[in-house]
Amino acid sequence: MERGAIDVGELAGPFDLQATLESGQSYLWNRADGETYAELHAHGGDAWYETVVDPISGVTDERVAVRVRQEGGVHDGTLHWEASADAEPLLTHLLRLDDDLDAILDATPDLPLLERAYESYEGMRLTRDPVFPCLISFICSAQMRVARIHGMQRRLRETYGDAVALGDETLRAFPTPEQLAARTEQELRDLSLGYRAPYVQRTAEMVASDEADPLEAADLPYEEARESLTRFVGVGDKVADCVLLFSLGFLEAVPLDTWIRTTIEEYYPECDRGSYAETSRAIRERLGGEFAGYAQTYVFYYLRAGGE
């Protein structure tokens, strides 16, 4: 097992591990204490987080089991990690440690709501999750609280994922497309996926058989990329936007979930244009265009945790 540390003070902008991993963007990390998504207003903590990541082109050629915790503040703290291989490039990729967070937020509009959200969750960054687990996670997200979405993904890992050793512990990888495609609808329903079960099974089958590849969206213009992802069963515009934003690096994407639609209604009613495509375009422009997805994620977390 390898160990290392990343100096938060050397990053371009602050970083908060807990806010990043417990803000409703990612469902692929577990807190070692079992309290993932137990807090509504989660930030500034020092718990260990664990995951297993399959090979990512240009980042790692092997499956890596990794755990990480943050010690100290969002400006001068340290990320301590333990992993089955050198995890610094992987963590830089997954947690977007290579983003210039100050410059990104400075590039968004001076709106009071954004200022309050940025101040409340200083150092929260977007995630860059592997695309297949991200796709499955958000297929399961419909009409679900974040803790229940996370529970579904945990059960999928524990039931069907490969065991991967990290020191004296065993972590579970997220199931591969082939492993999920081999499951029956009833097996997935037994894990409390409900009506999402056939969507998960069929989408996994599409990926496993090379009928469709979600990574193809990464090379398309934004709105074409969103349309491309809706080929998968159970994926509408909102889920597609989540995958584009939290996996494929489309930082302009603004998923129109319940919280963002409420934001539009209460703060920016002029952005409601009726259709998803037109409303999405309008709120993206209102939130600054290029980095509107960053602004959206702060607003989502701030309002969900009770901010006004």
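**Exercise 1. Burial and overall dimensions**

Task: State what share of the 308 residues of the protein counts as buried, and decide how the radius of gyration stands against the globule rule.

Solution. Of the 308 residues in this predicted model, 56% count as buried. Next, take the secondary structure, which comes to 14 helices and 7 strands. The radius of gyration is 18 Å, close to the 19 Å that the globule rule gives for 308 residues, so the protein is as compact as a globular protein of that length. Along the principal axes, the C-alpha trace spans about 50 × 45 × 35 Å. Finally, consider contacts between residues at least 6 apart in sequence: 66% of these join residues at least 24 apart.

**Exercise 2. The nonpolar cores**

Task: Find how many residues the largest nonpolar core has, and which residues have the most contacts inside it.

Solution. The largest nonpolar core has 80 residues. Those with the most contacts inside this core are Ile136, Leu156, Leu180, Leu193, Leu244 and Tyr298. Helix H14, residues 292-304, gives the most to the core, with 9 residues. Another core lies apart from it and has 24 residues, including Phe15, Val53, Ile56 and Ala83. As background, nonpolar side chains tend to be buried together in soluble globular proteins.

**Exercise 3. Tyr298 and Gly123**

Task: List the contacts of Tyr298 beyond four places in sequence, then place Gly123 and say whether Gly123 is buried or exposed.

Solution. Leaving aside neighbours within four places in sequence, Tyr298 is in contact with Leu101, Leu105, Ala117, Tyr118, Tyr121, Gly123 and Met124. One of these, Gly123, lies in the loop between helix H4 (112-120) and helix H5 (131-139). Its relative accessibility is 1%; buried means under 20%, so Gly123 counts as buried. Not counting residues up to four places away in sequence, Gly123 touches Pro14, Phe15, Asp16, Thr20, Leu101 and Tyr298. Gly123 and His43 are 80 residues apart in sequence, and their C-alpha atoms are 9.2 Å apart in space.

**Exercise 4. Helix H11 and its two partners**

Task: Describe how H11 packs with H10 and how H11 crosses H5, and give the makeup of each contact.

Solution. Two packed helices are described by the angle between their axes and the distance between the axes.

1. H10 (residues 222-229) and H11 (residues 237-246) pack at an angle of about 115°, with axes 8 Å apart. H10 passes H11 in a right-handed crossing.
2. From H10, the residues Tyr222, Ala225, Arg226 and Leu229 meet Asp237, Ala240, Asp241, Val243 and Leu244 of H11. This contact divides into 6 nonpolar, no polar and 3 charged residues.
3. The axes of H5 and H11 come within 9 Å and cross at roughly 145°. This crossing is right-handed.
4. From H5, Val131, Cys134, Leu135, Phe138 and Ile139 meet Val239, Cys242, Val243 and Phe246 of H11. Here the division is 9 nonpolar, no polar and no charged residues.

**Exercise 5. Arg226**

Task: Locate Arg226, and determine whether Arg226 is buried or exposed.

Solution. Arg226 is found in helix H10. Its relative accessibility is 5%, and the cut-off for buried is under 20%, so Arg226 counts as buried. Apart from neighbours within four places in sequence, Arg226 is in contact with Asp237, Ala240, Asp241, Leu244, Tyr276, Ala277, Ser280 and Arg284. Among them, Asp237, Ala240, Asp241 and Leu244 belong to the H11 side of the contact with H10.

Methods: Residues are numbered from 1 along each chain as its sequence is written. This is a predicted model: local features need pLDDT of at least 70, side-chain atom pairs count only at pLDDT 80 or more; totals for chains, interfaces and linings use all residues. Side-chain values use heavy atoms; hydrogens and water are left out. Axes are lines fitted to C-alpha atoms, for helices over the stretch in contact, and angles run from 0 to 180 degrees between N-to-C directions. Helices (H or I, at least four residues) and strands (E, at least two) are DSSP runs, numbered from the N terminus. A crossing is left-handed if the near helix is turned anticlockwise from the far one by less than a right angle, and right-handed if clockwise. Contact means heavy atoms within 4.5 Å. Ala, Val, Leu, Ile, Met, Phe, Trp, Tyr, Cys and Pro count as nonpolar, Asp, Glu, Lys and Arg as charged, and the others, Gly among them, as polar. Buried means under 20% relative accessible area, exposed over 50%, partly exposed in between (1.4 Å probe, protein chains only). A nonpolar core is a set of buried Ala, Val, Leu, Ile, Met, Phe, Trp, Tyr and Cys residues joined through side-chain atoms within 4.5 Å. The radius of gyration is taken over C-alpha atoms; the globule rule is 2.2 Å times the number of residues to the power 0.38.
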